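The following exercises invite the reader to examine a structure step by step. Each task is followed by a worked solution.

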Amino acid sequence: MNYPFPSGVPDLARSFLDRLRTDYETFRVTRRERRNRSDVTMQPLREIKSLAPADVPLVFVTHNDTALLGAFIQHYRQLGVTRFICVDDVSTDGTREALLSEPDVDVWTSPIRFGEARRGRNWRESLFSKYGLDRWYLNVDSDEFLVYDDCFSQPLPSLIRTLEAQGLKRMAAPMLDMYPKLSEFDAPPPRIERPWQFSRYFDGDSYVSAIRKRGVSVKGGPRGRKFREGNELIKYPLIYWDSACLFGSSLHQPLPYGRNFPSMWGAILHFKFYTNYKAKITEAAEGKQHYNASEHYQKMMDILAREGEIDFSYDHSIRYDGPQQLVDRGFMTKIDFIS
């Protein structure tokens with residue numbers, strides 16, 4: 001089926017047999033993950049205080065992301081995050097120092113790199129365990145900006161109450177890769193307060209979705225259109241983490257799989273292609289910390305070597321105009337918040 005959903009509400013109805021397959025897959029993969037699980041070493045860079053019951057914590061991984069960091073923290077504070085819990089993967093551009101200057105940010109380091117930590121999954125699971133089970137977390141990367149219906153008027157505690165009232169333990173949010181139209185800029189504007197002031201566009205019609213036994217799948221977007229990449233784009237950035245949860249083989253399909261069919265959707269504005277995208281692509285390709293030794297970054301490097309730029313714009317590019325636009329166009333669902 002195509003994504004976005006014209007009706008605004010995805011049809012996730014599944015048969016009894018489909019649900020049984022999902023439950024068996026959860027059992028099979030959970031048993032494997034618990035059998036093969038290994039501890040990961042991590043150290044905080046300053047004293048860590050326990051979370052209070054009312055805290056809204058956000059866990060993220062970052063590496064050399066000073067270009068986005070200020071806007072990232074400001075965005076999530078506006079949504080209601082009260083504590084940022086970060087793993088800094090050996091940043092060398094001032095990211096770590098910037099994080100340590102923020103009073104509500106806990107900074108952790110590890111002797112192993114992102115790839116060795118199963119692309120960060122082991123770090124995240126360890127942090128959820130350290131900070132406490134049986135609570136809600138935001139779980140994103142430092143180039144991912146979650147939005148949802150009425151998000152600047154209805155903060156995260158209100159969203160969580162609404163999810164709980166519907167018996168949901170996750171909210172789905174496909175990643176929309178944001179990109180600039182290079183013809184609009186001779187150079188980046190001198191002052192950018194929000195990343196969508198530069199990377200303003202997203203694809204209007206290049207996404208496809210499917211219902212799998214491990215959850216919803218969304219693929220496509222500009223990377224699929226331009227590079228024929230099959231990257232999984234669905235994530236569950238707001239997640240209730242308890243003893244049943246694991247990331248398994250992917251952040252995009254957390255265990256238990258039966259929770260990966262929620263009726264409430266936001267969207268993640270993904271700023272992989274920002275003002276510093278050439279440097280980030282080069283670093284990712286050479287560092288080989290991402291999936292399959294960063295193979296898809298190498299494809300981008302090949303285009304940069306030939307053409308000097310990557311222009312993702314096309315006839316159906318849509319200029320981002322705020323969360324309501326994404327609801328109206330069916331990229332995320334309207335939410336009836338409880339009082």
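**Exercise 1. A salt bridge across the chain**

Task: Determine whether Arg 113 is buried, partly exposed or exposed, and describe its salt bridge with Asp 89.

Solution. Arg 113 has a relative accessibility of 27%, so this residue counts as partly exposed. The terms rest on relative accessible area: buried is under 20%, exposed is over 50%, and partly exposed lies in between (1.4 Å probe, protein chains only). Before going further, note that this is a predicted model, in which local features need pLDDT of at least 70 and side-chain atom pairs count only at pLDDT 80 or more, while totals for chains, interfaces and linings use all residues. Residues are numbered from 1 along each chain as its sequence is written, and side-chain values use heavy atoms, with hydrogens and water left out.

Next, consider the partner. Arg 113 and Asp 89 form a salt bridge whose closest N and O atoms are 2.7 Å apart; the term denotes a side-chain nitrogen of Lys or Arg within 4 Å of a carboxyl oxygen of Asp or Glu. The two residues lie in distant parts of the chain, 24 residues apart: Arg 113 is in the loop between β5 (105-109) and α4 (121-131), and Asp 89 is in the loop between β4 and α3. Helices (H or I, at least four residues) and strands (E, at least two) are DSSP runs, numbered from the N terminus. Asp 89 is buried, at 4% relative accessible area.

**Exercise 2. Further salt bridges**

Task: State how many salt bridges the structure holds, and describe the pairs Arg 96 with Asp 88 and Arg 28 with Glu 25.

Solution. The structure holds 19 salt bridges. In one of them, the closest N and O atoms of Arg 96 and Asp 88 are 2.6 Å apart. Arg 96 is partly exposed at 23%, whereas Asp 88 is buried at 2%.

The side chains of Arg 28 and Glu 25 meet at 2.9 Å, N to O. Because these residues are three apart in helix α1 (residues 16-36), about one helical turn separates them. Arg 28 is partly exposed, with 31% relative accessibility, and Glu 25 is buried, with 5%.

**Exercise 3. Backbone geometry**

Task: Which residues other than glycine have a positive phi, and where is there a cis peptide bond?

Solution. Begin with the usual case: most residues other than glycine have a negative phi, and most peptide bonds are trans. Asn 64 has a positive phi of about 50°; this residue is in the loop between β3 (57-62) and α2 (66-79) and is buried at 10%. Val 90 also has a positive phi, near 45°. Its place is the loop between β4 (83-88) and α3 (95-100), and Val 90 is partly exposed at 36%.

Finally, the peptide bond from Leu 255 to Pro 256 is cis, with omega near -10°. Pro 256 is in the loop between β12 (234-241) and β13 (267-270).

**Exercise 4. The nonpolar cores**

Task: Identify the residues that touch the most other members of the largest nonpolar core.

Solution. A nonpolar core is a set of buried Ala, Val, Leu, Ile, Met, Phe, Trp, Tyr and Cys residues joined through side-chain atoms within 4.5 Å. The largest has 65 residues, of which Tyr 76, Tyr 148, Leu 159, Leu 269 and Leu 326 touch the most other members. The element that gives the most to this core is α2, with seven residues. A second, separate core of 20 residues includes Val 87, Trp 123, Phe 128 and Ile 239.
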